[in-house]
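Biologist: I've got a model open on my screen and I'd like to talk it through with you. Can we take it a piece at a time?

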Amino acid sequence: MSRRPAHVTSGPYAPPVPRTTLTVTSADGARLYAEIHGPEHAPAVVLAHGWTCSTAFWAPVVRDLAADHKVVVYDQRGHGRSPAPGPAGHSTHALADDLVAVLEAALEPGERAVVGGHSMGGMTIMAAAERPQLRERAAAALLCSTGSADLPAESRVFALRSPQGRRLAHRLMLRSRAPLGPVSPLAKRALKYATMGKGSTAEQIEACARIVHACPAGVRARWGTVLAGLELTGGVSRLEMPTAVIAGTADRLTPLVHARRMASVLPDFRGLTELPGLGHMTPIEDPGAVCGRLRALVQDHLRVPGTDAAAAPAEAPRGERQKKEETA
């Protein structure tokens, strides 16, 4: 496995120590680093991180959920401690292969989980929508700060008036191989502008910057190229499990229009949580909100060990949006 990725080592955004680690082999032979946290026989949650991130990105969410859930996190191929594949190994099909491989390796026979994905991790779930392994293993899903198509056209990192100019600028950004360099004050200001809300704390910005800057430039560019041409609208429409969506209203990378568009086509939509003033990095910007949605999905849709059935569903009806009040 590759060397340990950079991340903060103390405080609420430092990754907790896993109960165990796994090396998962995907369909094409790619090796994936995975961790299991929390009690062995507790309800399971499996989390997939986003572009340029790693398992460390989920640290505050894992820290909360692992008190009473079995939590599985893994490094997407080329990220963190998962080696990069060859050029042919970068596709949404490969992401789907990886997710189902992790589900099969980390869950016990017959065990199901709630799956959650942030950004490219949400796209991973959409890409796997028709996989029988996902339908067998996943009881419900959370799509967090993500989109299914038209990312360069909808992104607002570059606030250009011309739609064509905006699309081109965001395509170039996604495909760029320019090194990010050290985590400097200027780099943190740029990262905050592009990916986080105005109220993000210095601690949150540092945690995100350390993770993102650890991603190799080539890996970032290859996956950015995949994202630039993303088309998973069909996958969203075939994600036939209870699915909730969460997004920040100030997200420049995957603006709220994506969340609302997904909500309109999900077959079993269970509510959109809009987080006022938050950006793209919602699991770090507001881990409590993300954990709350995951816990609700577990409570309502996942069979709890020692009982005959899951708790009665109490989700919002299709199309209803749940807005989190902005705190002072």
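Biologist: How are H7 and H8 oriented to each other, roughly parallel or roughly perpendicular?

Modeller: Keep in mind that this is a predicted model. The two helices, H7 and H8, pack at an angle of about 95°, and their axes are 10 Å apart. Angles of 65 to 115 degrees fall in one class, so H7 and H8 are roughly perpendicular.

Biologist: And which residues of H8 meet H7?

Modeller: On the H7 side, the residues involved are Ala187, Lys188, Leu191 and Lys192. By class, this contact of H7 with H8 has six nonpolar, one polar and three charged residues. The H8 residues are Ile205, Glu206, Cys208, Ala209, Val212 and His213.

Biologist: What distance should the 12 residues of H8 span?

Modeller: H8 covers residues 202-213, and we reckon 1.5 Å a residue. The expected span is taken over one less than the number of residues. The end C-alpha atoms of H8 agree with the expected figure, which is 16 Å.

Biologist: Which helices help cover the buried residues of H8?

Modeller: The buried residues of H8 include Gln204, Ile205, Ala207 and Cys208. Further along H8, Ala209, Ile211, Val212 and His213 are buried too. What covers them includes helix H7 (185-195) and helix H12 (282-285).

Biologist: Let's move on to H3. How many of its eight residues are buried?

Modeller: Helix H3 takes in residues 120-127 and is mostly covered. Its buried residues are Met120, Gly121, Gly122, Met123, Thr124, Ile125 and Met126. For H3, then, the count of buried residues is seven.

Biologist: Which helix gives the most to the largest nonpolar core?

Modeller: That core has 52 residues, and among those that touch the most other members are Val46, Leu99, Met123 and Val245. The top contributor gives seven residues, and it is helix H2 (residues 92-106).

Biologist: How many residues are in the second, separate core?

Modeller: Its members include Leu65, Ala66, Leu275 and Cys291. This second core is separate, and its size is 25 residues.

Biologist: Last one: is Ser26 buried or exposed?

Modeller: Ser26 is in the loop between strand E1 (20-25) and strand E2 (31-37). Leaving aside neighbours within four places in sequence, Ser26 is in contact with Leu32, Arg77, Asp97, Asp98 and Ala101. The cut-off is under 20% relative accessible area, so at 5% relative accessibility Ser26 counts as buried.

Methods
Residues numbered from 1 in each chain as written. Predicted model: local features only at pLDDT ≥ 70, side-chain atom pairs only at ≥ 80, totals over all residues. Heavy atoms only, no water. Helix = DSSP H or I, 4+ residues; strand = E, 2+ residues; numbered from the N terminus. Buried < 20%, exposed > 50% of the residue type's maximum accessible area, 1.4 Å probe, protein only. Contact = heavy atoms within 4.5 Å. Axes fitted to C-alpha atoms, helices over the stretch in contact; angles between N-to-C directions. Parallel < 35°, antiparallel > 145°, perpendicular 65-115°, else oblique. Nonpolar A, V, L, I, M, F, W, Y, C, P; charged D, E, K, R; others polar. Core = buried A, V, L, I, M, F, W, Y, C linked by side-chain atoms within 4.5 Å.
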